[in-house]
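Hi everyone, thanks for coming. I'll put a structure up on the screen and we'll walk through it piece by piece, so have a look while I get going.

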Amino acid sequence: MTVNGLRGGIFMVLAMTALCWGKPASAAEEMDRARFEKFGAYLSNFRKENSIRAMTAVIVKDEKIVWEQAFGTSDDEGDIATTMNTTFGIASVTKPIAATAILAEADKGGLYLDWLLANDPRWAVFCSWFSGSTIPFGGGGKDSDGTMIQAVDCERKLSLADSLNMRVNGAAGSAFVYNPMTYARIDRAIEGAGGRPLRAIVRDNVLNKAGMQNVALGWHDPEGGSALRLLAPPFTVQDNGRDIKASHSDDDFRAAAGIRASARHVAKFDIALDAGKLLSPEWMARIFSDEKLPPRGDYRWGWFAQDWQGKRLYWHSGWEPDRYSAIYLKVPEKRLSLILLANNENLWWGNALSAAEIEKSPVVAEFLAEFFTPDLS
């Protein structure tokens with residue numbers, strides 16, 4: 001067994017020991033143990049086949065981490081072992097975290113969800129260029145599956161709520177279109193209307209309440225702690241399957257992306273959210289509701305929502321091209337969540353802009369097949 005394989009095994013043993021401490025393993029726990037081992041082996045092979053240098057995975061159930069594993073090494077020399085403290089650019093998994101903080105700020109009266117994106121003094125110039133561009137979610141075009149996407153209508157009085165629900169394309173009432181560039185301008189609109197900086201909103205309303213220490217909200221975060229010191233550098237996979245170290249993006253922190261964190265940090269967010277520490281019961285019911293969804297799923301308040309085999313899934317992917325990727329999946333009915341972070345883009349599966357279809361991710365398909373079964377209590 002390699003050093004990394006031994007290390008991964010240690011993580012699984014620790015997780016299982018914590019799960020079963022003080023009592024004999026039940027049949028259900030033994031079944032879970034087998035599932036964890038099988039899923040860990042799948043991820044190990046997936047990492048190698050997709051040239052991912054560093055990857056971490058966490059499964060949360062009933063507001064507890066029940067399994068975690070770190071894979072590979074985070075540097076190009078193979079000297080720095082990945083651990084559960086290794087941090088990554090979590091890309092668009094930033095969105096549900098930022099949205100949660102923004103909703104909490106609105107509940108406190110610190111901002112209003114009907115504030116206009118046009119409160120950003122640069123919005124008009126940006127929207128004029130964006131809506132006339134060849135970017136599908138800007139100027140319109142076709143989604144990856146051929147679905148037509150309407151252009152952003154700069155004449156509409158687009159609000160924070162429109163952006164948080166991905167409803168900035170086409171006429172009011174249109175179906176969602178994933179639009180990361182307008183989402184990235186939310187902080188400008190908030191500050192333009194007199195609200196607090198987004199970094200303060202997220203740190204006060206989420207990080208501090210969830211105990212998420214040593215998380216960097218962008219490169220320029222003065223309270224980022226060890227997040228940058230422990231960061232797995234990004235890699236780009238070439239056509240021949242070999243990878244090369246990539247440059248770091250110079251983008252800072254926006255509502256759309258920018259958080260540097262570990263999988264354990266995201267798990268702390270997940271646990272605090274489900275424990276009711278971050279949002280009111282009214283907001284939790286509004287987001288994670290049983291309301292009927294459109295056939296292609298929906299996007300609501302920072303989350304993709306979809307039905308899969310009669311069950312409701314909430315999720316977000318993260319894709320920073322040529323650098324990082326991430327998956328964060330919640331199955332509320334099972335009180336089960338999956339978090340995966342990687343230091344190249346190969347966790348991303350090319351998800352569509354106008355449909356929620358996380359089952360098309362090979363990693364998630366494996367997870368659902370292994371864990372989403374009636375006998376998982």
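Let's begin with helix 3, which covers residues 94-107. If you allow 1.5 Å a residue, its 14 residues should span 20 Å, and the end C-alpha atoms turn out to be 20 Å apart, which agrees. Keep in mind that what you're looking at is a predicted model.

So where does helix 3 sit? In this helix 13 of the 14 residues are buried, so the rest of the structure largely encloses it. Right after helix 3 comes Gly109, with a positive phi of about 85 degrees.

Now let's try the length check again, on helix 9, residues 198-210. For its 13 residues, 1.5 Å a residue gives an expected span of 18 Å, and the end C-alpha atoms are 17 Å apart, which agrees. But look along helix 9 and you'll find a kink of about 35 degrees, centred on Asp204.

Which residues of helix 9 are buried? They are Leu198, Ile201, Val202, Arg203, Asn205, Val206, Leu207 and Ala210. A handy thing to remember while you read a list like that: an α-helix has 3.6 residues a turn, so residues three or four places apart point the same way.

And what covers those buried residues? The cover includes helix 3, which we just talked about, along with helix 8, strand 6 and helix 10 (263-274). Just past the end of helix 9, Gly211 has a positive phi of about 70 degrees.

Since strand 6 came up, let's go there. Strand 6 belongs to an open sheet of 3 strands, in the order 3-9-6, with antiparallel pairing. The edges of that sheet are strand 3 (88-89) and strand 6 (216-217), each of which pairs on one side only. Strand 6 is joined to strand 9 (residues 259-261) by 2 bridges, and the two run antiparallel. If you want to find the spot on screen, look for Ala216, which stands opposite Arg260 in strand 9.

Next up is strand 1, residues 54-61. Is it buried or exposed? Here 8 of the 8 residues are buried, so strand 1 is largely enclosed by the rest of the structure. Both of its faces are covered: on one side you have Ala54, Thr56, Val58 and Val60, on the other Met55, Ala57, Ile59 and Lys61, and all of them are buried. Yes, there's a lysine on that list, Lys61.

Who are the neighbours of strand 1? One of them is strand 2 (residues 64-72), which pairs with strand 1 in the antiparallel sense over 8 bridges. Strand 1 and strand 2 make a hairpin with 2 residues between them, and Asp62 in the turn has a positive phi of about 55 degrees. Strand 1 also pairs with strand 14 (residues 336-342), again antiparallel, through 7 bridges. Val60 is a nice place to see both pairings: it stands opposite Ile65 in strand 2, and opposite Ser337 in strand 14.

While we're on strand 2, have a look at Glu68, which lies in it. With a relative accessible area of 10%, Glu68 falls under the 20% cut-off, so it counts as buried. What does its side chain do in there? It makes a polar contact with the side chain of Arg264, at 2.6 Å. And to get a feel for distances, Glu68 and Met148 are 80 residues apart along the chain, with their C-alpha atoms separated by 40 Å.

There's another charged residue to show you, Arg185, found in the loop between helix 7 (180-183) and helix 8 (186-192). Arg185 has a relative accessible area of 11%, which makes it buried too. Its side chain makes a polar contact with the side chain of Asp120, at 3.2 Å. Leaving out residues up to four places away in sequence, Arg185 touches Asp120, Arg122, Trp123 and Phe126.

Okay, let's zoom out to finish. The chain has 12 helices and 14 strands. Its radius of gyration is 20 Å, close to the 21 Å that the globule rule gives for 377 residues, so the chain is as compact as a globular protein of that length. Along its principal axes, the C-alpha trace spans about 60 × 45 × 45 Å. Of the 377 residues, 55% count as buried. And if you take contacts between residues at least 6 apart in sequence, 63% of them join residues at least 24 apart.

That's my tour, thanks for listening!

Notes:
Residues are numbered from 1 along each chain as its sequence is written. Side-chain values use heavy atoms; hydrogens and water are left out. Buried means under 20% relative accessible area, exposed over 50%, partly exposed in between (1.4 Å probe, protein chains only). Helices (H or I, at least four residues) and strands (E, at least two) are DSSP runs, numbered from the N terminus. Two strands pair if DSSP finds at least two bridges between them. A polar contact is a pair of N or O atoms within 3.5 Å; within protein, one must be able to donate a hydrogen and the other to accept it, and residues adjacent in sequence count only if both atoms are side-chain atoms. Contact means heavy atoms within 4.5 Å. The expected span of a helix is 1.5 Å times one less than its number of residues. The bend at a residue is the angle between axes fitted to the seven residues ending there and the seven starting there. The radius of gyration is taken over C-alpha atoms; the globule rule is 2.2 Å times the number of residues to the power 0.38.
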